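Colleague: Could you take me closely through one part of this model, the salt bridges that share partners, and then set that part in the context of the whole chain?

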Amino acid sequence: DAVRAADDIIIKGGGHGAAAGVTLATERIDDFRRRVNEFYDSLQLKNQELYLLPRADVEIDDFSEINEELIDNLAKMEPFGNGNAEPILKITKATVLNVRRMGVDGQHVKLTLRDKNDVVIGGSVGVFTSYFSDILSGLLAENLPAAISVPKIISAPSPEEIVLYGCYDNAISQLASN
């Protein structure tokens with residue numbers, strides 16, 4: 001409907017409810033922008049920012065609830081796209097340790113997250129496990145009690161992620177042996 005508000009200046013176009021494409025004369029771009037904005041202003045919509053914020057589909061406490069069964073169940077929901085958005089998982093008891101923007105324009109983000117048991121690094125670092133394992137080991141050595149040894153860091157099956165598993169079990173076994 002917003003695009004149709006400028007029908008008389010559109011050379012050609014088409015689309016659907018979620019996307020549209022138009023061809024305009026260059027000198028009419030500002031007119032098109034003004035008409036589309038006027039259309040939305042006429043709707044007098046309130047609090048639209050709230051609709052743009054992501055909402056969790058599922059909340060979990062920590063990384064221990066992420067397992068192969070969950071991943072398999074999420075895969076069964078594919079393909080994701082218009083009308084079937086990827087589910088948003090909220091981890092309520094995770095702490096962001098580090099945020100790093102990557103890419104030419106900073107369009108990618110690498111996060112380092114921590115819950116009570118595990119450290120997760122996301123952002124295509126799995127292929128660089130050998131590089132990050134020293135950094136992770138250092139972080140763990142600084143944050144684990146002296147009686148707990150730093151667990152082995154392994155690459156996850158998927159190159160897009162690396163997960164440090166077994167911190168809790170390792171800690172318990174170390175404490176039990178002391």
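Modeller: What follows begins with the basis of the values, turns to the salt bridges, and ends with the wider fold.

This is a predicted model, in which local features need pLDDT of at least 70 and side-chain atom pairs count only at pLDDT 80 or more, while totals for chains, interfaces and linings use all residues. Residues are numbered from 1 along each chain as its sequence is written, and side-chain values use heavy atoms, with hydrogens and water left out.

Side chains of opposite charge can pair when their charged atoms come close. A salt bridge here is a side-chain nitrogen of Lys or Arg within 4 Å of a carboxyl oxygen of Asp or Glu, and by this rule the count comes to six. One of them joins Arg-28 to Asp-31, with an N to O distance of 2.8 Å. Asp-31 also meets the side chain of Arg-34, at 3.5 Å from N to O; these two residues both lie in helix H1, three residues apart, about one turn of the helix. Arg-34 in turn forms a salt bridge with Glu-38, where the closest N and O atoms are 3.4 Å apart, and this pair, also within helix H1, is separated by four residues, again about one turn. Through shared partners, Arg-28, Asp-31, Arg-34 and Glu-38 are thus joined into one network.

As for exposure, buried means under 20% relative accessible area, exposed over 50%, and partly exposed in between (1.4 Å probe, protein chains only). Arg-28 is partly exposed because its relative accessible area is 30%, and Asp-31 counts as partly exposed at 22%. Arg-34, at 40%, is partly exposed, as is Glu-38 at 41%.

Helix H1 spans residues 29-42 and also holds Tyr-40, which counts as partly exposed because its relative accessibility is 44%. Helices (H or I, at least four residues) and strands (E, at least two) are DSSP runs, numbered from the N terminus.

In the protein as a whole, the secondary structure comes to five helices and eight strands, and the elements run β-β-α-α-β-α-β-β-β-β-α-β-α from the N terminus on. Of the 178 residues, 21% are buried. Taking a contact as heavy atoms within 4.5 Å, 45% of the contacts between residues at least 6 apart in sequence join residues at least 24 apart.
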